[in-house]
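Visitor: Hi! I've got this protein open on my screen and would love a quick tour. Could you start with the terms I'll need?

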Amino acid sequence: MPIDLKKELDTDFMISLLLNLVDNACKASETGGRIFIAASAGQIVVEDFGKGIPSEELHRVTEAFSSELVLGLRLGYSGAPQKKDMRNLNAVPITYTAVSGGAKMGMENDAVRWGYEMLDIYITKDGIDEICFANQYDIGSPDTNKIELLPFSDIMAVFDKMMQVQNAALFIDKSADEGDYGTPPQAVNYHIDKITLGYMRIYDPYSGKREGKLVPVWDFYGSCTISYDGITPKSFRDANKSVLTVNAIDGTVVDRWLGF
């Protein structure tokens, strides 16, 4: 190897990266197609001779996460590391949650379902195995109107009130009603250990379009402890699911499952 090609790198990672690029090139090529691999000072090139990116999509190649190849979500990754990437707009991230958005519950049939933009990289012991990129946003012009965020004390007041409202139904005894209703809990406690400020996409599902706005929101993360006998607690936690999401501009509560 020429001396100017030597570079101290993570060998296993680079092998996995190169194999992943070659695999993607194979998927983009037609049967019997050729793949060109070359190395020069400071770069490695993997080139295929497939159909390429449509001319009408070329303007998007410089967008964050822009990609022609979108692979489906693969099952069977229990315990395997996953890398989650989200956009950053002017150094402010779009907050990642495990909720995909666009849920149908509570919506009428004419509502437009629209999941959140997500880039998932699945990693196995052999390296990068699969990449899934869904619901790519086409970011438009920012709203130039001056917008002020509510004081955080106001956000906390909304949080305290809405947590009581959202959990009030848990304490209603429905055991006498028809249906499989168990005994209501005697105590429900939340322990919030992380609060984040970031962007969230909201939209009107009845507009007939997949158009919305990125608005700043506060997300509260933590664990929930429920006790049905007042003695034995049961704890629940999902590190990537927000307990409550509050619009940082007007203080309204946003349903992340629905996306508005």
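Guide: Happy to! Strands here are DSSP runs of E with at least two residues, numbered from the N terminus. One example to keep in mind is strand β10, where R237 lies. Please also remember that this is a predicted model.

Visitor: Good to know. How many helices and strands does the protein have?

Guide: There are two helices and eleven strands. Starting at the N terminus, the elements follow the order α-β-β-β-β-β-β-β-α-β-β-β-β.

Visitor: And what share of the residues is buried?

Guide: Of the 260 residues in the protein, 27% are buried. The exposed surface comes to about 17,300 Å², with 54% of it supplied by carbon and sulfur atoms.

Visitor: What about long-range contacts, how much do they account for?

Guide: Taking the contacts with a separation of 6 or more, 60% are between residues 24 or more positions apart.

Visitor: Back to R237, then. Which residues is R237 in contact with?

Guide: Once neighbours within four places in sequence are set aside, R237 is in contact with D193, G222 and S223. You can also check T225 on your screen: its C-alpha is 8.8 Å from that of R237, and the two are twelve residues apart in sequence.

Visitor: D193 and R237 have opposite charges, don't they? What do they form?

Guide: They form a salt bridge, and the closest N and O atoms are 2.8 Å apart. D193 sits in strand β8 and R237 in strand β10 (residues 233-237), so the pair links distant parts of the chain, 44 residues apart. As a general point, side chains of opposite charge can pair when their charged atoms come close.

Visitor: Is D193 buried, exposed or something in between, and why?

Guide: D193 is partly exposed, because its relative accessible area is 42% and that class runs between 20% and 50%. R237 also counts as partly exposed, at 49% relative accessibility.

Visitor: How many salt bridges does the count come to?

Guide: The count comes to two salt bridges. Besides D193 with R237, there is R256 with D219, where the closest N and O atoms are 2.7 Å apart. R256 is in the segment after β11 (244-247) and D219 is in strand β9, with their positions 37 residues apart in the chain, so this pair links distant parts too.

Visitor: Are R256 and D219 buried or exposed?

Guide: Both R256 and D219 are buried.

Visitor: Nice. Switching to empty space: how many cavities of 30 Å³ or more are there?

Guide: Just one cavity of 30 Å³ or more is counted, and about 80 Å³ of space lies in it. R256 turns up again here: together with M86, I94, T95 and Y116, R256 lies nearest the centre, out of 13 lining residues.

Visitor: What kinds of residues make up the lining of the largest cavity?

Guide: Eight are nonpolar, two are polar and three are charged.

Visitor: And pockets? What volume does the second largest pocket have?

Guide: The second largest pocket has a volume of about 780 Å³. The elements that give two or more residues to its lining are β8 (187-203) and β9 (212-227). The largest share, five residues, comes from β9.

Visitor: Which residues should I click on to find its centre?

Guide: Try S141, P142, D143, Y199 and L214, which lie nearest the centre among the 23 lining residues. By type, that lining divides into 14 nonpolar, four polar and five charged residues.

Visitor: I noticed a proline, P184. Where is its place?

Guide: P184 is in the loop between α2 (152-167) and β8. P184 counts as buried because its relative accessibility is 14%, below the 20% cut-off.

Visitor: What is P184 in contact with?

Guide: Leaving out neighbours within four places in sequence, P184 is in contact with L170, F171, I172, D173 and Y228. The C-alpha atoms of P184 and L170 are separated by 6.2 Å, and the two residues are 14 apart along the chain.

Visitor: One last stop: where is I44 found, and what is I44 in contact with?

Guide: I44 is found in strand β2 (residues 43-48). Apart from neighbours within four places in sequence, I44 is in contact with L18, A38 and A39. I44 and L18 are 26 residues apart in sequence, with 8.6 Å from C-alpha to C-alpha.

Conventions
Residues are numbered from 1 along each chain as its sequence is written. This is a predicted model: local features need pLDDT of at least 70, side-chain atom pairs count only at pLDDT 80 or more; totals for chains, interfaces and linings use all residues. Side-chain values use heavy atoms; hydrogens and water are left out. On a 1 Å grid over the protein atoms alone, a cavity is a set of points where a 1.4 Å probe fits but cannot get out, and a pocket is an open set with protein on both sides within 12 Å along at least five of seven lines; lining residues have an atom within 4 Å of a point. Grid points are joined across faces, edges and corners, and a volume is the space filled by probe spheres set on the points. Helices (H or I, at least four residues) and strands (E, at least two) are DSSP runs, numbered from the N terminus. Ala, Val, Leu, Ile, Met, Phe, Trp, Tyr, Cys and Pro count as nonpolar, Asp, Glu, Lys and Arg as charged, and the others, Gly among them, as polar. Buried means under 20% relative accessible area, exposed over 50%, partly exposed in between (1.4 Å probe, protein chains only). Contact means heavy atoms within 4.5 Å. Accessible areas come from the Shrake-Rupley method with a 1.4 Å probe; for residues, only the protein chains shown count as cover. A salt bridge is a side-chain nitrogen of Lys or Arg within 4 Å of a carboxyl oxygen of Asp or Glu.
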